[in-house]
Amino acid sequence: RSSRVSNELAQIPLLLTTLGPALLKLSEETDLDILNHCMETMVDTYQTELLPVAAELTARLCETYARLAKESQNADEAEGVDLDSIMESDTNEDKTFAAMGVAKTIATVVSAVDSSPDILAQIQEIIIPIVVLTLEAKLLDLFDNMYDLVDMLTFKLRSISPNMWPVFELTYKLFKSDAVDFLDGTSDGFT
């Protein structure tokens with residue numbers, strides 16, 4: 001009986017590699033936040049089994065996040081004051097909330113792999129581009145999620161990689177210009 005259970009447990013990484021992308025694909029097609037919650041629960045439940053596929057899963061999640069963030073940004077740029085744009089703003093909010101859900105799932109992956117510094121370092125390099133994208137695009141609604149990821153990564157790795165420095169430089173530039181309201185509580189650190 002125990003060999004059957006261990007055989008079934010050995011199949012979980014395979015399940016994660018097939019079910020994970022299927023959930024992401026369905027999520028991309030529908031932008032349903034409940035699918036992000038399902039993925040987050042799966043990642044949280046099978047933390048140990050996730051290690052072999054964590055980088056691949058994170059890369060897929062980052063692709064989804066980047067798509068949603070860009071669509072949200074494009075909708076913001078195209079918005080006017082007519083009735084059609086007001087109706088479209090709900091769709092834009094849905095994209096933003098879906099991006100928030102994906103970012104939360106990425107944070108769950110980061111938490112799940114914190115016992116493996118090598119995998120966490122790989123994941124950090126995969127995540128940094130979406131943080132930079134969010135900051136450069138000035139997507140204020142998504143800043144909390146991105147700064148949570150930065151905080152988790154720097155705390156868990158106990159170091160700042162060379163690729164993470166541009167995030168801090170962007171933060172400084174944003175503080176000096178557009179995002180001063182968002183960063184109001186950190187003003188003593190940048191003056």
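A contact, as used here, means heavy atoms within 4.5 Å. Among contacts in the protein chain between residues at least 6 apart in sequence, 71% join residues at least 24 apart.

The structure is a predicted model, in which local features need pLDDT of at least 70, side-chain atom pairs count only at pLDDT 80 or more, and totals for chains, interfaces and linings use all residues. Residues are numbered from 1 along each chain as its sequence is written, and side-chain values use heavy atoms, with hydrogens and water left out.

The protein chain holds ten helices and zero strands; helices (H or I, at least four residues) and strands (E, at least two) are DSSP runs, numbered from the N terminus. Of its 191 residues, 42% are buried, where buried means under 20% relative accessible area, exposed over 50%, and partly exposed in between (1.4 Å probe, protein chains only).

The average pLDDT (the predictor's confidence in each residue, from 0 to 100) is 79 for the protein chain, and 70% of the residues score at least 70. Confidence is highest in helix 7 (residues 117–136), at a mean of 96, and lowest in helix 10 (residues 187–190), at 47. Over residues 186–191 pLDDT stays under 50, and the model has five contacts beyond four places in sequence for them. Where pLDDT is low, the predicted coordinates should not be read in detail.

Two loop residues have a positive phi, as tabulated below.

| Residue | Phi | Loop | Relative accessibility |
|---|---|---|---|
| K138 | near 55° | between helix 7 and helix 8 (143–157) | 41%, partly exposed |
| R158 | about 60° | between helix 8 and helix 9 (165–176) | 62%, exposed |

Most residues other than glycine have a negative phi.
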